[in-house]
Amino acid sequence: MVARPPQRKGFPIVGVLPQFRKNPPVFLQTMAREHGDIVHYRLGPQDVYLVSNPDWIKDILVTNQTNFTKSRFLERAKVLLGEGLLTSEGEFHRRQRRLVQPAFHRDRLIGYASAMVETTAQTRESWTGGAQLDMAREMMRLTLGVVAKTLFSADVASDADEIGNALTQVMVLFDMVLMPFSEWIEKLPLPSIRRFEKARDFLDKTIYGIIAERRASKEDKGDLLSMLLLAQDEDNSTMSDKQIRDEALTLFLAGHETTANALMWAWYLLSQNPSVAEKFYDEVDRVLEGRLPTFDDLPRLKFTEGVFAESMRLYPPAWVIGRRAKADYPIAQYTIPKKSILMMSPWVVHRDPRWFPEPEQFNPARWAFQGDNRPKFSYIPFGGGMRVCIGERFAWMEGVLLLATVAQAWRFKLVPGHPVATAALITLRAKHGMKMVAERRNSNPPATSPSSSTQSLQVPA
Ligand code: HEM
């Protein structure tokens with residue numbers, strides 16, 4: 001007889017969907033706690049297995065990665081992202097990855113560092129002392145500016161709100177597009193489906209407009225878009241406008257919402273942990289001595305890096321990673337049937353006391369100890385294997401530089417009584433936003449642009 005993993009019973013037809021919908025990451029965590037490192041459940045018509053053992057996760061993401069495709073979750077994302085890096089598969093994905101990868105080489109990153117700091121220095125000037133800010137919105141605005149500037153050389157400050165609104169609409173409605181049964185819902189003439197299409201059309205218009213301008217001017221601006229336009233594969237083939245649109249929109253989406261959420265949760269966690277916050281501000285002041293940060297400062301901003309790492313541990317922006325089994329797949333004594341979905345949740349693994357003692361504690365100092373014997377795949381905010389986040393190094397750099405630049409001038413206090421709750425859409429947002437009061441730390445923050453140079457970027461193991 002074939003051994004079956006423990007099963008979480010659900011309702012007929014919908015399975016555990018009602019409980020899952022209430023608070024997905026916490027529901028997954030409860031299941032892992034109650035049933036162990038592997039648990040089977042049904043989400044609507046789909047058989048799903050939650051896998052929470054780091055070694056098994058490594059096997060799925062790395063060792064046996066060719067046994068899997070992306071889960072239905074991302075297959076459905078093609079409605080918006082077409083055949084971009086996030087959603088494509090197989091040989092086509094490998095070709096696109098080869099073409100896009102050079103935009104994330106180390107020498108490129110060095111150039112992005114100063115653009116990141118400059119954009120942040122401008123944004124921090126737009127705040128006033130005592131003002132109530134929604135840090136969810138502010139961080140989104142900031143990282144949208146960064147991705148636009150670093151990847152598309154565009155100064156979208158004036159368009160940022162409009163693009164941001166369209167993206168937000170797309171993301172919220174996109175959540176629905178990704179749910180079980182959505183193939184049918186999508187065909188209905190619902191107002192929400194029309195709003196989704198309208199927002200998508202607006203984004204398309206903006207991106208095709210930028211592509212057309214670039215093709216007409218033939219100018220190489222040295223940014224990602226220019227690289228996409230110029231990129232040639234070994235057979236000299238280039239990308240169509242549609243393919244460039246898919247990659248550009250993918251990077252636009254994947255490249256700002258995740259980082260924005262990580263930063264928002266970092267400000268929240270700092271506000272709740274004053275003694276940790278003091279260490280963070282001390283480091284920023286000591287290392288930078290009043291000037292704006294540069295790429296060279298990164299190795300010395302270790303505690304700041306720990307703050308970012310710890311925020312992503314407790315609130316991983318990509319709270320779940322999914323794969324679909326192409327064939328029956330063995331895990332321990334079990335056989336996972338072909339076509340099942342395997343879910344791996346950074347939220348669940350990152351809060352496991354076996355790997356992180358006192359897991360609910362926000363403790364950036366835990367990242368100072370290198371060489372611990374924690375399994376590598378117990379910390380997976382960026383996934384792993386051939387589908388690992390292409391922007392991982394970009395994101396570490398951005399997280400540290402943005403935190404340090406903002407912290408030079410501001411600290412933030414949570415507005416008393418503001419309800420803090422997660423909203424697990426594609427990324428882990430705050431359900432009610434994050435209302436905080438800005439307090440000025442230094443009345444004379446530096447205003448000059450930083451220069452960049454060539455030191456290596458440190459990333460926690
Ligand atoms: C804190 C920030 C970020 C987090 C937590 C994050 C997380 C992730 C994760 C977990 C994956 C893998 C998904 C899977 O295996 O199914 C991924 C893929 C990806 N990310 Fe990120 N990401 C971040 C920032 C960025 C940035 C800044 C960019 C681009 C500028 C980016 C672009 C992408 C792309 C294109 C992929 C698909 C890669 C492929 O399949 O080849 N991400 N990201």
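In which loop, between which two helices, does Asp-297 lie? The position is the loop between helix H15 (274-288) and helix H16 (302-314). The model considered here is predicted. In this model Asp-297 has a relative accessible area of 1%, and because buried means under 20% relative accessible area, Asp-297 is counted as buried. The side chain of Asp-297 is joined to that of Arg-291 by a polar contact of 2.9 Å. When residues up to four places away in sequence are not counted, Asp-297 touches Val-287, Leu-288, Arg-291 and Leu-292.

The chain as a whole contains 18 helices and twelve strands. Of its 461 residues, 56% are buried. Among contacts with a separation of 6 or more, 76% are between residues 24 or more positions apart.

The ligand carries an iron atom, for which Cys-389 is the only protein donor, through SG at 2.3 Å. Cys-389 is placed in the loop between helix H17 (346-350) and helix H18 (392-409). The ligand is surrounded by 27 residues, of which His-93, Arg-97, Arg-323, Arg-387 and Cys-389 come nearest. By class, this shell consists of 17 nonpolar, six polar and four charged residues.

Polar atoms of the ligand are approached by both side-chain and backbone atoms of the protein. An N or O atom in the side chain of Arg-323 lies 2.8 Å from an oxygen atom of the ligand. For Leu-85, a polar backbone atom is found 3.3 Å from an oxygen atom of the ligand. For Ala-254, the distance between a backbone N or O atom and a nitrogen atom of the ligand is 3.4 Å. Two or more residues of the shell are given by each of H6, H13, helix H14 (257-272), strand E5 (321-325) and H18.

Helix H6 spans residues 90-100. Its buried residues are His-93, Arg-95, Gln-96, Arg-97, Leu-99 and Val-100. These buried residues pack against helix H12 (224-230) and helix H13 (241-254). Two of the buried residues of H6, His-93 and Arg-97, are also among the residues that come nearest to the ligand. An α-helix has 3.6 residues a turn, so residues three or four places apart point the same way.

The strands E1, E2, E8 and E5 are linked by a series of pairings. Strand E1 (residues 38-43) pairs with E2 in the antiparallel sense over six bridges, and Tyr-41 stands opposite Val-48 in E2. The hairpin of E1 and E2 has two residues between the strands, and in it Gly-44 adopts a positive phi near 55°. Strand E2 (residues 46-51) is mostly covered, with five of its six residues buried. E2 also pairs with strand E8 (residues 341-344), here in the parallel sense over three bridges. In this pairing Tyr-49 is opposite Leu-342 in E8.

E8 is further joined to E5 by four bridges, and these two strands run antiparallel. The bridge partner of Ile-321 in E8 is Met-344. In a regular strand the side chains alternate between the two faces of the sheet. In E8, Ile-341 and Met-343 point one way, while Leu-342 and Met-344 point the other way, and all are buried. E5, the partner of E8, is also one of the elements that give two or more residues to the shell around the ligand.

Positive phi values are also found in residues other than glycine. Ala-332, in the loop between strand E6 (329-331) and strand E7 (334-336), has a positive phi near 50°. Glu-358 has a positive phi near 45° and lies in the loop between H17 and H18, as Cys-389 does. Glu-358 has a relative accessibility of 59% and therefore counts as exposed, the cut-off being over 50%.

Arg-76 lies in helix H4 (residues 72-76). Its relative accessibility is 12%, so Arg-76 counts as buried. Arg-76 and Thr-87 are eleven residues apart along the chain, and their C-alpha atoms are separated by 8.6 Å.

Technical notes. Residues numbered from 1 in each chain as written. Predicted model: local features only at pLDDT ≥ 70, side-chain atom pairs only at ≥ 80, totals over all residues. Heavy atoms only, no water. Donors = N, O, S within 2.8 Å, 3.2 Å for Na, K, Ca; no water. Buried < 20%, exposed > 50% of the residue type's maximum accessible area, 1.4 Å probe, protein only. Contact = heavy atoms within 4.5 Å. Near = heavy atom within 4 Å. Polar contact = N/O pair within 3.5 Å; in protein donor to acceptor, adjacent residues only side chain to side chain. Nonpolar A, V, L, I, M, F, W, Y, C, P; charged D, E, K, R; others polar. Pairing = 2+ DSSP bridges.
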